[in-house]
Amino acid sequence: MATSQTLPELATVPWRQPTDARWLRRWGRIWHAWTLLYTVPFIGAAVAMVWLDPIATPVALAALAHAWIIPELYAFRGASVMRPKARDPAPGEPVAQGLLGDLLGHEERELQRDTGLALERGELGVWLVGEGGALLVTPGGRPVHCFCVAATDAELPPSDRVAHLLLALRMDEVGFATVANHAFAGARWRVRRRLPQRMRSALDAARRASE
Amino acid sequence: MARLIRMDRTGHTTLAEWTAEDDAAFADAVREFGEQQALGYIGTVPDGPGKATHVRRLPRDADMVILRRPIAGG
């Protein structure tokens, strides 16, 4: 065969199950259950402490803070895959931006220039592709999955890094998600709060596109 | 005019150009494509919105073939 719709990089992760819609639903449920598992006990403990002795209110508040902060830390980890990598401006970026623009439709091109993220509609949902990761908004907008994945050439300008991921995603969506490392699944609003300000409108656009 | 381009630190580099009628130019492009594959680059043909195809041999009738580096989970 001279052509293929299978991502060649899949050969590097033969042990992984395909990250298809079923896998994503299962992992969405696992992440949801895990979130309940580490928040509900803190909330329960806080309520019990106040009920047993109101003097324990400060400790109860600390427990509630834990119940809030831990999911936030996980969401921060997920959103971090989308953050631009801090470095000096790449000399090839204007050329790379031109090529990436050619790969995108008009609206997606405008969105990418404003936010740094490329929106791509797929079978699994609506993707936002960044320099070092991708975010999948599943149909209906809940939950959001964050994937850590990048081109292996560290010297590429940012737009070329996006184009690498975009082409791989277009070649084989399930293969792309399988090669990527799943970093987080959870509520869209929680991830949105942890995204850089300029990227939030891309997530809003992905949510609209997923509905 | 079809183009073979490689995404690299300069943004991208055009490695070869050919037309369906120009056998010599296409042969040069095929040789260049093979050399880049040997360096680890992956040939990709953008097939319009939302689609791309992995090519192991340079397609004569493609408008543009993009060479990219492999991706990996971070």
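Contact, as used in these legends, means heavy atoms within 4.5 Å. The structure is a predicted model, in which local features need pLDDT of at least 70 and side-chain atom pairs count only at pLDDT 80 or more, whereas totals for chains, interfaces and linings use all residues, and side-chain values use heavy atoms, with hydrogens and water left out. Residues are numbered from 1 along each chain as its sequence is written, while chains are lettered from A and ligands numbered from 1 in the order in which they are written.

**View 1. Surroundings of A:Thr19, in the loop between β1 and α1 (21-52) of chain A.** Helices (H or I, at least four residues) and strands (E, at least two) are DSSP runs, numbered from the N terminus. A:Thr19 counts as buried because its relative accessibility is 4%, where buried means under 20% relative accessible area, exposed over 50%, and partly exposed in between (1.4 Å probe, protein chains only). Not counting residues up to four places away in sequence, A:Thr19 touches A:Leu24, A:Leu124, A:Phe147, A:Val174, A:Ala177 and A:Thr178. The side chain of A:Thr19 also reaches the backbone oxygen of A:Ala177, at 3.5 Å.

**View 2. An open sheet of 6 strands with mixed pairing, in the order β1(A)-β4(B)-β3(B)-β5(B)-β1(B)-β2(B).** The edges are taken by β1 (3-4) of chain A and β2 (11-18) of chain B, each of which has a single partner strand, so one side of each is left without a neighbour in the sheet. Two strands pair if DSSP finds at least two bridges between them. Within the sheet, strand β1 (residues 2-8) and strand β5 (residues 64-68) of chain B run parallel and are joined by 4 bridges, with B:Arg6 standing opposite B:Leu67 in β5(B). Helix α3 (residues 93-103) of chain A packs on this sheet and touches β1, β2, β3 (42-46) and β5 of chain B, its direction making about 65 degrees with that of β2(B). Helix α1 (residues 23-38) of chain B likewise packs on the sheet, touching β1, β2, β3, β4 (52-55) and β5 of chain B, and its direction makes about 140 degrees with that of β2(B). For these angles, axes are lines fitted to C-alpha atoms, for helices over the stretch in contact, and the values run from 0 to 180 degrees between N-to-C directions.

**View 3. Buried residues of α3(A) and the setting of A:Asp160 in helix α5 (residues 158-171) of chain A.** In α3(A), the residues A:Ala96, A:Gln97, A:Leu99, A:Leu100, A:Gly101 and A:Leu103 are buried. The buried residues of this helix pack against α4 (106-115) and α5 of chain A, together with β1, β2, β3 and β5 of chain B. Leaving aside its neighbours within four places in sequence, A:Asp160 is in contact with A:Ala96 and A:Leu99, and also with B:Met7, B:Asp8, B:Gly11 and B:His12. A:Asp160 is buried yet has no salt bridge, and the nearest side chain of opposite charge, that of B:Arg6, is 8.9 Å away. In this assignment Lys and Arg count as positive and Asp and Glu as negative, while His and the chain ends are not counted.

**View 4. The salt bridge between A:Glu9 and B:Arg68.** A salt bridge is a side-chain nitrogen of Lys or Arg within 4 Å of a carboxyl oxygen of Asp or Glu, and by this rule the count comes to 13 over all chains. The closest N and O atoms of A:Glu9 and B:Arg68 are 2.6 Å apart. A:Glu9 lies in the loop between β1 and α1 of chain A and B:Arg68 in strand β5 of chain B, so the pair joins two chains. A:Glu9 is buried, with a relative accessible area of 3%, and B:Arg68 is buried as well, with a relative accessible area of 0%.

**View 5. Salt bridges involving helix α7 of chain A.** A:Glu72 and A:Arg193 form a salt bridge whose closest N and O atoms are 3.2 Å apart, and this pair links distant parts of the chain, with A:Glu72 in helix α2 (residues 57-80) and A:Arg193 in helix α7, 121 residues apart. A:Glu72 counts as buried at 4% relative accessibility, whereas A:Arg193 is partly exposed, with a relative accessible area of 40%. A network of salt bridges links A:Glu72, A:Arg190, A:Arg193 and A:Arg194. In a further salt bridge, the closest N and O atoms of A:Arg192 and A:Asp204 are 2.9 Å apart; A:Arg192 lies in helix α7 and A:Asp204 in helix α8 of chain A, so the pair ties together parts that are 12 residues apart in sequence.

Definitions and conventions. Polar contact = N/O pair within 3.5 Å; in protein donor to acceptor, adjacent residues only side chain to side chain.
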